[in-house]
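Hi,

Here is the model I promised to pass along. Have a look at it first, and my notes follow underneath.

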Amino acid sequence: MRPALPAASDPGPLRVAAPPMALVALVLLLVAPRYGPHWDELYFGMLPPRWWYVDQPPLTVWLTWLLGRVSDDLWVQRLPGVVAAVAGAFVATLFPRALGAPTSVQRLAGWAHAFTVYPLIMGHLFTTATLDLLAWQVVVLLVLRACLGHPHALLWAGTVAGLACWNKLLVVVLAAALLVGLLLTRPSLLRTRDALLGSSVFVLLGAPQVLLQLVHGLPMAEVSGGLVDEQGDLVRLVLLPALALFAGPPLLRVWLSGFLTPWRRPDHPARFLLPTFVLVLLWTFANPSQPYYPVGVLLPALAVGWATPAVADRWSRARSRTVVTANGVVACLLCLPVLPPTETWVSAVSRLNPTIRDQVGWPGYAQQISDLRRPDEAVVTDTYALAGAVHRYGSSADRAAVHSGHNALWDLGPPEGDEVLLVGEDAVARRGDFGRCGAATELDTGPVVHPRLEHVPVLHCVDPVADWATLWPRFRRLGG
């Protein structure tokens, strides 16, 4: 199947996508400074630039560090997320365009993508998943282009996927799923020179981060395993409903059509989408650390779905616009800090979008720790978020004093003195490593918090029983 040629009056892809791109950029910039940084954003802001971290590749940290040299303002730190969301809306319009759909359908795909749940969440924050979503979209689009008779697109797909390994290694799962999907639907495409070149570039670019993980004993697997232990059963239970929520429940028919219509037509260039999605879904059931992993294939199906007869012929233009608008309004309320962060509102919305919960309260936690810390006393927290909160909101003395054994912060080294304020259950559990400890208090973390912040005990401890080179490995914790 080849798409129809664009009409001579075709305004061009960027012009088609400009309205949703402009509006989502404006909305995200307006809400970027509201509430506060996310749990992960606090962590990234504390890390120095390095070639490798135990729990992730370095690209997101590098960008966070660079922007931190420009400004500490939250809206500046979140600019990459805004750019990724804008680019994602543009990429979404290119799927129906590649399939020969008219301009109105292309623009509708851009609006639907820009203002549905998961892209809004990722556009508001700046985490590793933000750039990963865009990378998955681009890789899937390039594979679609290859299936439309442009095999050289596989070289670019391998290049983008290889570069994406420097941000998040989850793209390896996508690459494996796409390989199987093409074997089932377009095996001849895998025998081309471009497929070999694309695979080679992918391996060449992605290998350094994979090898660093292997050399260090796959610490990311331990981090993922910790998340599975904490929430694996819940992720399996809510995975399918969560995916429907991420893509927008009113758009269910659209993305289902984006999977099923191509699959039923042996000549359809997007036929590989369904087996690719199923494989990523099965992998997520087997490794249920987070429920959002398959969204990077689901959203391209949403874009393709607008160009299918089941949607284009049966939904009028007015109905499509109404559905997309209604979905967008509700998505903005659920995903963005639009309303004041009252306890009632944060409690209600966090049941569907926990990232809202993870953006409030940090200045207060940092102030409590600062008030409890005695002069010349170091601070050791058991979560990178609390350490990041002290680093962002504390005094210069507080920032110099804070340490954590959580993930990559452990590599920054231990305290130096004999007096330590232990913060958090895992840190307090090391009280036996000190000659004397006295209870200080428990942090007041409020009624709506991350599960690891529901109870945060604090201890003043002195006289470590050994030097810090001996004790520090006992404080190490890999996990979410």
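Let me start with a cysteine: Cys461 has 0% relative accessibility, so it counts as buried. Keep in mind that this is a predicted model, and everything below is computed from it.

Cys461 is bonded to Cys437, with the two sulfur atoms 2.0 Å apart. That is the one disulfide in the structure. Cys437 sits in strand β4 (residues 434-442) and Cys461 in strand β5 (residues 457-464), so the bond ties together parts that are 24 residues apart in sequence. The S-S torsion comes out at about 115°, so the disulfide is right-handed. Unlike its buried partner, Cys437 is partly exposed, at 23% relative accessible area.

What about Cys335, and why is there no bond to Cys332? The closest cysteine sulfur to that of Cys335 is the one in Cys332, but at 7.5 Å it is too far away for a bond. Cys335 is buried, at 1% relative accessibility. Cys147 counts as buried too, at 5%.

Next, the salt bridges. There are 11 by the usual count here. Three that I looked at:

- Arg452 and Glu230 meet at 4.0 Å, N to O. Arg452 lies in the loop between β4 and β5 and Glu230 in helix α12 (residues 219-247), so the pair links parts that are 222 residues apart in sequence. Both ends are partly exposed, Arg452 at 23% and Glu230 at 45%.
- Asp233 and Arg236 pair at 3.6 Å, N to O. They are three residues apart in helix α12, which puts about one helical turn between them. Asp233 is exposed at 63%, while Arg236 is partly exposed at 34%.
- Arg373 and Asp398 have their closest N and O atoms 3.0 Å apart. Arg373 is in the loop between α20 (362-372) and β1, and Asp398 is in helix α22 (residues 396-401), so this pair ties together parts that are 25 residues apart in sequence. Here both partners are buried, Arg373 at 17% and Asp398 at 4%.

There is also a network: Glu230, Asp382, Asp426, Arg452 and Arg477 are joined by salt bridges that share partners.

On to the strands. β1 (residues 378-381) is covered on both faces, with Ala378 and Val380 buried on one side and Val379 and Thr381 buried on the other. β1 runs parallel to β3 (residues 419-423), joined by four bridges, and pairs in the parallel sense with β2 (residues 402-404) over three bridges. Val380 takes part in both pairings: Leu422 stands opposite in β3, and His403 is the bridge partner in β2.

On the surface, Leu179, Val180, Leu183, Leu184, Val278, Leu279 and Leu282 make a nonpolar patch of about 580 Å². Helices α10 (171-185) and α14 (273-286) each supply at least two of the patch residues. The largest share, four residues, comes from α10, whereas Leu282 belongs to α14.

Last, Pro473, in the segment after α24 (468-471). Pro473 is partly exposed at 45%. Leaving out residues up to four places away in sequence, Pro473 touches Trp410 and Trp468. The C-alpha atoms of Pro473 and Gly413 are 9.8 Å apart, although 60 residues separate the two along the chain.

Over to you!

Definitions and conventions:
Residues numbered from 1 in each chain as written. Predicted model: local features only at pLDDT ≥ 70, side-chain atom pairs only at ≥ 80, totals over all residues. Heavy atoms only, no water. Patch = residues over 30% accessible without salt bridge, like charges linked within 9 Å, V, L, I, M, F, W, Y side chains within 5 Å. Areas by Shrake-Rupley, 256 points an atom, 1.4 Å probe, with all protein chains shown as cover. Salt bridge = Lys/Arg side-chain N within 4 Å of Asp/Glu carboxyl O. Buried < 20%, exposed > 50% of the residue type's maximum accessible area, 1.4 Å probe, protein only. Contact = heavy atoms within 4.5 Å. Disulfide = S-S within 2.5 Å. Pairing = 2+ DSSP bridges.
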